[in-house]
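This report introduces one structure to a reader who has not met it before. It takes up a pocket, a ligand site and a salt bridge in turn.

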Amino acid sequence: MSPPRKVDSKEVGLVIGMILGQYFLDTEDLHYGYWPPDLPVSGANMAQAQANYSNFLISHIPAGTKTILDVGCGTGHLARKLLGLGYRVDCVSPSPLLTERARQKLGDACRIFECTYEEVETEKPYDLVLFSESWQYVKMEPSFQKTQTLLPEGGHLLICDFFKTDAKGKSALGGGHRLSKFYRLISSYPFAAVQDLDITPETAPNLALVDEVLTRAGIPIRDLIFYFLNQNYPRLSKLVQWQFQNKIDKLNFKYFSGQRNAENFAKFKSYRLLLYRKS
Ligand SMILES: C[S@@+](CC[C@H](N)C(=O)[O-])C[C@H]1O[C@@H](n2cnc3c(N)ncnc32)[C@H](O)[C@@H]1O
């Protein structure tokens with residue numbers, strides 16, 4: 001019998017995101033929303049903002065593209081949209097839990113490579129390799145190499161994702177490759193920059209929503225749990241707090257210090273749409 005598969009905490013986070021999104025926000029997208037100045041920032045408008053994001057991304061698919069590899073397809077929501085627009089789409093999905101949902105959505109219309117992008121093996125070339133908020137999860141060097149083999153000359157790499165800036169200070173916001181490192185690495189591959197758009201101002205409002213949920217619901221729930229433990233199990237509670245103080249401090253800083261907000265996102269992250277042509 002093979003040992004049970006280890007489940008990555010990021011995968012669990014994405015599946016929780018999917019469940020909460022489906023239940024509370026009526027959305028199956030797992031990416032940020034794109035907020036134009038006239039769209040009020042509220043949970044009720046999240047599905048609209050995410051649809052804006054997908055439309056914005058799709059509007060940058062180069063003319064002449066017929067085949068797309070959607071890397072990190074999440075629930076398959078974007079892939080289904082692309083199929084509806086007449087593109088031929090294959091997907092990459094290393095998460096069995098998300099793949100199940102993508103299969104329900106896409107049926108046999110797409111081939112799904114059930115592995116990481118780095119592990120994809122195929123002879124099939126694609127006109128476009130697309131990363132919709134999935135670039136931050138892949139290893140950059142192997143992914144540039146893989147993209148180089150999957151794209152014919154003139155094919156495109158389209159990435160829409162956030163990166164770390166070089167801003168000084170401690171950030172409560174995780175995720176993203178360093179942008180300066182991305183530019184340095186890609187410069188040694190045969191990819192010519194076609195577009196590089198900074199959409200941080202349009203995506204940062206997502207963090208205003210996160211901040212509101214954490215402040216108004218997260219902190220009171222955290223306090224309630226500690227109150228319950230302190231009142232009912234004072235000795236166990238003291239022991240746990242002593243044993244895990246470092247972890248608790250880290251969680252408090254990350255989620256409950258009020259630092260997870262739009263201003264800090266704009267300072268520590270840069271959300272970009274990057275289009276490159278293989279030359
Ligand atoms: C934030 S979700 C984005 C999902 C979808 N592209 C969207 O825009 O809604 C990140 C996706 O990247 C996938 N992913 C994580 N690590 C990956 C890897 N090494 N190779 C390919 N996909 C990966 C996850 O399974 C998930 O589908």
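What volume does the second largest pocket have? In this predicted model, the second largest pocket has a volume of about 150 Å³. The elements that each give two or more residues to the lining of this pocket are α8 (205-232) and α10 (245-256). Helix α10 supplies the largest share of that lining, with five residues. The lining residues are L214, R222, F226, I248, L251, N252, Y255 and F256. Sorted by class, the lining of the second largest pocket comprises six nonpolar residues, one polar residue and one charged residue.

The ligand site is described next. There are 19 residues around the ligand, of which L30, G72, G74, Y117 and S132 come nearest. The shell around the ligand divides into nine nonpolar, seven polar and three charged residues. The table lists distances between atoms of the protein and atoms of the ligand.

| Residue | Protein atom | Ligand atom | Distance |
|---|---|---|---|
| L30 | backbone N or O | oxygen | 2.9 Å |
| G72 | backbone N or O | nitrogen | 2.7 Å |
| S132 | polar side-chain atom | oxygen | 2.6 Å |

On its own, the ligand has 600 Å² of accessible area, and the protein covers 94% of that area.

How many salt bridges does a search of the whole structure find? The search finds eight salt bridges. One salt bridge joins the side chains of E28 and K105, with a distance of 3.7 Å from N to O. E28 belongs to the loop between α1 (9-25) and α2 (46-58), whereas K105 belongs to helix α4 (residues 96-106); the pair therefore ties together parts that are 77 residues apart in sequence.

In summary, the second largest pocket draws the largest share of its lining from α10, the protein covers 94% of the accessible area that the ligand has on its own, and E28 and K105 meet in a salt bridge.

Methods:
Residues numbered from 1 in each chain as written. Predicted model: local features only at pLDDT ≥ 70, side-chain atom pairs only at ≥ 80, totals over all residues. Heavy atoms only, no water. 1 Å grid on protein atoms, 1.4 Å probe; cavity = no way out; pocket = protein on both sides within 12 Å on 5 of 7 lines; lining within 4 Å. Points joined across faces, edges and corners; volume = space filled by probe spheres on them. Helix = DSSP H or I, 4+ residues; strand = E, 2+ residues; numbered from the N terminus. Nonpolar A, V, L, I, M, F, W, Y, C, P; charged D, E, K, R; others polar. Near = heavy atom within 4 Å. Polar contact = N/O pair within 3.5 Å; in protein donor to acceptor, adjacent residues only side chain to side chain. Areas by Shrake-Rupley, 256 points an atom, 1.4 Å probe, with all protein chains shown as cover. Salt bridge = Lys/Arg side-chain N within 4 Å of Asp/Glu carboxyl O.
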